[in-house]
Amino acid sequence: MIYLWYNEIRYESERKKMINIEKEYKLLQDLSFVRVSGRGDEEKAADLIVKALEAEGLAARKETFEVDSFNVESGVLEVLAPFTKQYDVTTYANCGTTPEGGLEAELCYFESDNEVCRKNVKGKIALVNGYLGRAVYKALVECGAVGFISFSGDIDKSVEVTDIDTRELRAPLRDLGVIPGVHMRVHDVMEMMDAGASKVKFTVNQEVGKAESCNVVCEIKGTEDTKETIVFTGHYDSVPFSKGAYDNATGSVCLYALAMYFKDHAPKRNLVFVFCGSEERGLLGSKAYCAQHEDELENVIYCINVDMIGCTLGRRIAVATADEKVVSFTDYFAKIVGFPISASQGVYSSDSTPFADKGVPAISFARITPQGGGSIHNRFDVMEHLSARYLGEDTEFICKYAETLANSYVFPIKKEMPQKMKDELDKYLGRDKKDDAKNQKAK
Ligand SMILES: [Zn+2]
């Protein structure tokens with residue numbers, strides 16, 4: 001192994017470790033609890049981050065924003081034919097209401113969005129595979145499905161350790177039309193389909209309410225008289241049942257370690273650390289930050305996002321929503337300092353995206369676990385799969401990368417977004433160009 005970054009070899013040998021891994025790891029342990037958007041536990045996490053920053057002499061503030069409430073109810077799905085049985089479900093938050101007495105319909109396995117499934121689903125309750133994304137939901141609405149069922153879990157894990165996920169029909173999906181839905185355990189769905197369930201019934205009653213979430217913001221003024229600012233983002237919320245140690249307490253504590261470092265080593269340019277709330281519900285915190293600071297975005301020259309690092313088993317990636325040159329720079333930089341990472345161009349599903357969408361070149365850093373080496377979005381996202389060693393290495397690399405850029409003589413990354421990335425952002429953010437053209441015509 002020639003990789004010795006975190007041990008002794010440095011191209012700037014006079015400097016010892018840049019970051020305080022002990023404090024970083026301690027905060028990681030402290031944050032390792034369920035932190036769901038718009039609920040008290042998310043606020044508790046925000047307060048812990050504020051306190052940790054203030055203890056280091058850094059000024060931190062909470063910036064609140066409104067989110068839809070996230071009330072999920074437990075219920076049952078009744079199979080009515082050709083056998084009868086009840087299964088536990090959770091209702092999708094904010095998915096409307098079913099008629100009195102419940103929604104009863106034939107079941108259609110909407111395996112994928114293809115023409116046969118589309119024709120078959122009309123007037124039925126659709127069972128979908130995997131995460132209910134916008135494309136499939138749109139197809140269900142267009143094809144006249146009256147309800148939907150999704151499921152999660154791992155068929156090879158026991159029922160006892162499989163929580164029934166809680167899901168939400170997010171606003172961008174509701175805008176397409178509201179269909180009620182429920183979520184189930186994979187084990188139950190497997191049994192139900194094996195037994196040939198053909199008619200089902202469920203009840204939901206989901207009004208949309210409002211709740212509060214917040215970003216934690218900490219600023220460090222640069223030593224030069226400049227408005228140029230680098231924003232760091234990392235979300236601190238998690239999903240229900242998940243302590244989110246890896247996703248993304250690790251990114252949050254990375255930002256904390258960077259803020260501690262830069263407090264004592266202020267770079268030329270200004271730095272803003274945004275610990276984002278409500279990322280897991282559709283990047284709501286970073287979207288809120290971009291909306292609340294719209295005027296200041298013209299001074300933001302780069303966004304560095306950290307989402308999921310520090311796992312013991314994994315591989316490092318950097319995804320730049322920016323010009324190809326940023327990919328090359330990141331690749332060369334990593335090679336120069338001896339850090340193994342694969343850099344590529346693309347849209348990363350995290351808080352860098354709203355910034356990129358506002359024209360700010362953005363990059364996301366992550367260390368991705370191999371299959372079986374760790375989990376996210378369930379009860380298995382825990383400290384045991386993480387290590388101080390890799391968290392320290394990841395944080396040090398990001399620190400060095402950021403410092404080099406923040407102290408550059410001329411900031412080398414041009415503030416421009418290639419058309420290819422703009423198109424990918426449109427696609428990711430569900431902005432259907434054909435629809436827009438049609439809407440324009442209709443007006
Ligand atoms: Zn995440």
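## Strand 7, a zinc site and aromatic contacts in a predicted model

S150 stands opposite H183, a residue of strand 8. The model in which this pairing appears is a predicted one, and the description below begins with the strands around S150 before turning to the zinc ion, the aromatic rings and the backbone.

**Strand 7 and its neighbours**

Strand 7 runs parallel to strand 8 (residues 181-185), and five bridges join the two. Strand 7 also pairs with strand 6 (residues 125-128), again in the parallel sense, over three bridges, and within that pairing I125 has G147 of strand 7 as its bridge partner. Between strand 6 and strand 7 the chain passes through helix 4, and the resulting β-α-β crossover is right-handed.

Which residues of strand 7 lie on each of its two faces, and are they buried or exposed? On one side are G147, I149 and F151, on the other F148, S150 and S152, and all of these are buried. Such a division can be read against the general rule that side chains alternate between the two faces of the sheet in a regular strand. Taken as a whole, strand 7 is mostly covered, with six of its six residues buried.

**The zinc ion**

The zinc ion is coordinated by NE2 of H235, by OD of D247 and by two OD contacts from D307, at 2.0 to 2.7 Å. The angles among the four donor atoms range from 51 to 145°, and the site is irregular. Because four donors count as tetrahedral only if all angles lie between 85 and 135 degrees, a range of 51 to 145° does not meet that criterion. For reference, the ideal angle for four tetrahedral donors at a metal is 109.5 degrees.

Along the sequence the donor residues follow the spacing H-x11-D-x59-D. H235 and D307 thereby link distant parts of the chain, 72 residues apart, with H235 in strand 12 (residues 229-235) and D307 in the loop between strand 14 (300-306) and strand 15 (315-321). H235 is buried, with a relative accessible area of 0%, and D307 also counts as buried, at 5% relative accessibility.

**Aromatic rings and charges over rings**

Across the whole structure a search finds 15 aromatic pairs. One of them is formed by Y137 and F148, which meet edge-to-face with 6.0 Å from centre to centre and 85° between the planes. Since Y137 lies in helix 4 (residues 134-142) and F148 in strand 7 (residues 147-152), the pair ties together parts that are eleven residues apart in sequence. Y137 is buried, with a relative accessible area of 0%, and F148 is likewise buried, with a relative accessible area of 0%.

The rings of F333 and F397 have their centres 5.8 Å apart, and the pair is tilted because the planes stand at 55°. This contact links distant parts of the chain, F333 being in helix 9 (residues 324-337) and F397 in helix 11 (residues 388-406), 64 residues apart. F333 counts as buried at 7% relative accessibility, and F397 is buried as well, with a relative accessible area of 1%. Both rings belong to a cluster linked by ring pairs, which consists of F329, F333, F339, F365, F397 and Y401.

Two charged side chains sit over aromatic rings, as set out here.

| Charged residue | Ring | Distance to ring centre |
|---|---|---|
| K44 | F33 | 4.3 Å |
| R367 | Y390 | 4.2 Å |

**Backbone features**

Most residues other than glycine have a negative phi, and most peptide bonds are trans. Against that background, a cis peptide bond joins A81 and P82, with omega about 0°, and P82 is found in the loop between strand 2 (74-81) and strand 3 (85-91). Another cis peptide bond joins D247 and N248, with omega about 5°; N248 is found in helix 7 (residues 245-264), and D247 is one of the residues that coordinate the zinc ion.

M308, although not a glycine, has a positive phi of about 80°. M308 is found in the loop between strand 14 and strand 15, the loop that also holds the zinc donor D307, and M308 is buried, with a relative accessible area of 10%. H377, which is not a glycine either, has a positive phi of about 60° and is placed in the loop between strand 17 (362-368) and helix 11. At 32% relative accessibility, H377 counts as partly exposed.

Note on methods
Residues are numbered from 1 along each chain as its sequence is written. This is a predicted model: local features need pLDDT of at least 70, side-chain atom pairs count only at pLDDT 80 or more; totals for chains, interfaces and linings use all residues. Side-chain values use heavy atoms; hydrogens and water are left out. Donors are N, O and S atoms within 2.8 Å of the metal (3.2 Å for Na, K and Ca); water is not among the atoms, so sites may look incomplete. Four donors count as tetrahedral if all angles lie between 85 and 135 degrees; four count as square planar and six as octahedral if opposite donors are over 155 degrees apart and all others between 65 and 115; anything else is irregular. Helices (H or I, at least four residues) and strands (E, at least two) are DSSP runs, numbered from the N terminus. Buried means under 20% relative accessible area, exposed over 50%, partly exposed in between (1.4 Å probe, protein chains only). Rings of Phe, Tyr and Trp (its six-membered ring) pair if their centres lie within 6.5 Å; planes under 30 degrees apart count as stacked, over 60 as edge-to-face and the rest as tilted. A charge sits over a ring if NZ of Lys or CZ of Arg is within 6 Å of the ring centre and within 35 degrees of the ring normal. Two strands pair if DSSP finds at least two bridges between them. A crossover is right-handed if, with the strands pointing away from the viewer, the path from the first strand over the helix to the second runs clockwise.
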